[in-house]
Amino acid sequence: MNAFAFPKGFLWGAATSAHQVEGNNVHSDWWAWEQAGRVKEASGLACDHHRRFAEDFDLAVSLGHNAHRLSVEWARIEPEEGRWDEAALAHYVEVIRALRQRHLEPIVSLHHFSSPQWLTAQGGWTHPKVVEAFARYCHRVAEALGDQVRYWVTINEPMVFLRLHYLEGLGPPGMKDMGQGLKAIQHMIRAHAAAFRLLHERRADAQVSIAAHLPVFAACKPWRPMDLWVTRLTDRIFNVALLSALTEGRWSVPGVANWTFPEARRSLDYLGVNFYGRQFLHWVRTVHGWPAANCDLGHHPLRVRERTSFGWDVHPPSFYRTLTRWSRLRLPILITENGAWMTDDARRWAFIHGHLQAVARAIRSGARVIGYCYWSLLDNFEWADGYTPRFGIVEVDYATQRRTVRDSGKRYAEVCRSNRLHLEER
Ligand code: FCB
């Protein structure tokens, strides 16, 4: 055993998103989707974080955190197109003040899967006007919070958002349309670039990124050429194309599209990384030149030794691989999400510990990692899966809204406080 010291000033915290914790997010498209019965459980009051944020931030402080990632809700701030709710903005000013008073560095996401109903009714992210509309909204938020917020995430997991909402129809607007999906991703890139620019106009030292979900894709049967092909293509579409659009201004996937986005060149100040595991791919068939792949999310019978209660593969060496691979972009890396639903909390701590060791090793190998946010501070509304999955280092009793710190939260707190980690020999 040896102790690894994280860099001075390392950001330690946990992440949440507005719709998943705040409650009564009635103007958002997710709310409408839930009310229409498209998911088994509606978000309702969630963790009532909209009222209890100060108490929740006290908990984060008691757990040794010095940073906190959260999102502001577009649907609250602009509940109808062009109508700005000043009280909603004032609320977020309060929230950021509460973080600052507790010496928690805010990391603020502007879009985390939910959009205003009015936008989604017009086609959501497939409508060209979304770029302007998002920029207007970001401008308002920057005006209100810009003094107090340095770290921004423009869009959370653009590729996951695209897949679930526009290709697989599992979230609003429920589209399953490749053509529309290709429109939406272009608009997201442009919207990000516009937000990047205006956040820097507001504050020169702003640190702006996306939170990129960057899994390691692996072939189910690496000896099967079609499995290898689909794995490489998925990596290209899901991981490589987006990051090259935001660094070099080019999105290119042979046989799919070649686009240039001059405005998006060098539009990342750091790289926000969300990491949940390895994903195994198995080629099924080709439809109009597109691979229909079966994404196992860890159900691979032979190669997965450990999985979360969701069935997701647990594989810290892949986290190391992701961090060292993308450190080649020569950007600081902020881990904006990493976490697990584990019914057994001891296994949650093993997950965190294993992944923190991967972070330490990546730093030793030269990755410039500046912070780590565990997903999530609180148990919360896990989208289509409702309240069953529990990712929190703090347990929430939804009947009473009582919070109870889990043991994993206390173990993580020791790392946050000491800025050190015991590295096990490999
Ligand atoms: C990520 C999302 C987050 C949460 C976790 C479990 O993909 O960003 O909102 O749902 O997964």
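Helices and strands are DSSP runs, numbered from the N terminus. The model shown in the following close-up views is predicted.

**Close-up 1. Residues surrounding the ligand in the predicted model.** The shell around the ligand comprises Gln20, His112, Phe113, Asn156, Glu157, Tyr276, Glu337, Trp375, Glu382, Trp383 and Phe391. Sorted by class, this shell contains five nonpolar, three polar and three charged residues.

**Close-up 2. Side-chain atoms of His112, Glu157 and Trp383 at ligand oxygen atoms.** For Glu157, a polar side-chain atom is placed 2.6 Å from an oxygen atom of the ligand. For His112, the corresponding separation between a polar side-chain atom and a ligand oxygen atom is 2.8 Å. In the side chain of Trp383, an N or O atom is 3.2 Å from an oxygen atom of the ligand. The ligand taken alone exposes 290 Å², of which the protein buries 95%.

**Close-up 3. Asn380 in the loop between strands E14 and E15.** Strand E14 covers residues 369-375 and strand E15 covers residues 394-397, with Asn380 located in the loop between them. The relative accessible area of Asn380 is 2%, and this residue is therefore classed as buried, the cut-off being under 20%. The side chain of Asn380 forms a polar contact with that of Gln20, at 3.5 Å; Gln20 is also one of the residues surrounding the ligand. When residues up to four places away in sequence are not counted, Asn380 touches Gln20, Val21, Cys47, Trp375, Gly386, Tyr387, Pro389 and Tyr398. Among these, Trp375 likewise belongs to the ligand shell.

**Close-up 4. The kink in helix H10 and the residue that follows the helix.** Helix H10 consists of residues 225-248 and has a kink of about 40° centred on Arg236. Gly249, located just after H10, adopts a positive phi of about 80°.

**Close-up 5. Ser267 in the loop between strands E9 and E10.** Ser267 is situated between strand E9 (257-260) and strand E10 (271-275), in the connecting loop. Ser267 has a relative accessible area of 0% and is therefore buried. Apart from neighbours within four places in sequence, the contacts of Ser267 are His192, Phe196, Val208 and Leu246. Leu246 falls within the residue range of helix H10, 225-248. Thr247 also falls within that range, and the C-alpha atoms of Thr247 and Ser267 are separated by 6.2 Å, although these residues are 20 residues apart along the chain.

Terms used
Residues are numbered from 1 along each chain as its sequence is written. This is a predicted model: local features need pLDDT of at least 70, side-chain atom pairs count only at pLDDT 80 or more; totals for chains, interfaces and linings use all residues. Side-chain values use heavy atoms; hydrogens and water are left out. A residue is near a molecule or strand if one of its heavy atoms lies within 4 Å of it. A polar contact is a pair of N or O atoms within 3.5 Å; within protein, one must be able to donate a hydrogen and the other to accept it, and residues adjacent in sequence count only if both atoms are side-chain atoms. Accessible areas come from the Shrake-Rupley method with a 1.4 Å probe; for residues, only the protein chains shown count as cover. Ala, Val, Leu, Ile, Met, Phe, Trp, Tyr, Cys and Pro count as nonpolar, Asp, Glu, Lys and Arg as charged, and the others, Gly among them, as polar. Helices (H or I, at least four residues) and strands (E, at least two) are DSSP runs, numbered from the N terminus. Buried means under 20% relative accessible area, exposed over 50%, partly exposed in between (1.4 Å probe, protein chains only). Contact means heavy atoms within 4.5 Å. The bend at a residue is the angle between axes fitted to the seven residues ending there and the seven starting there.
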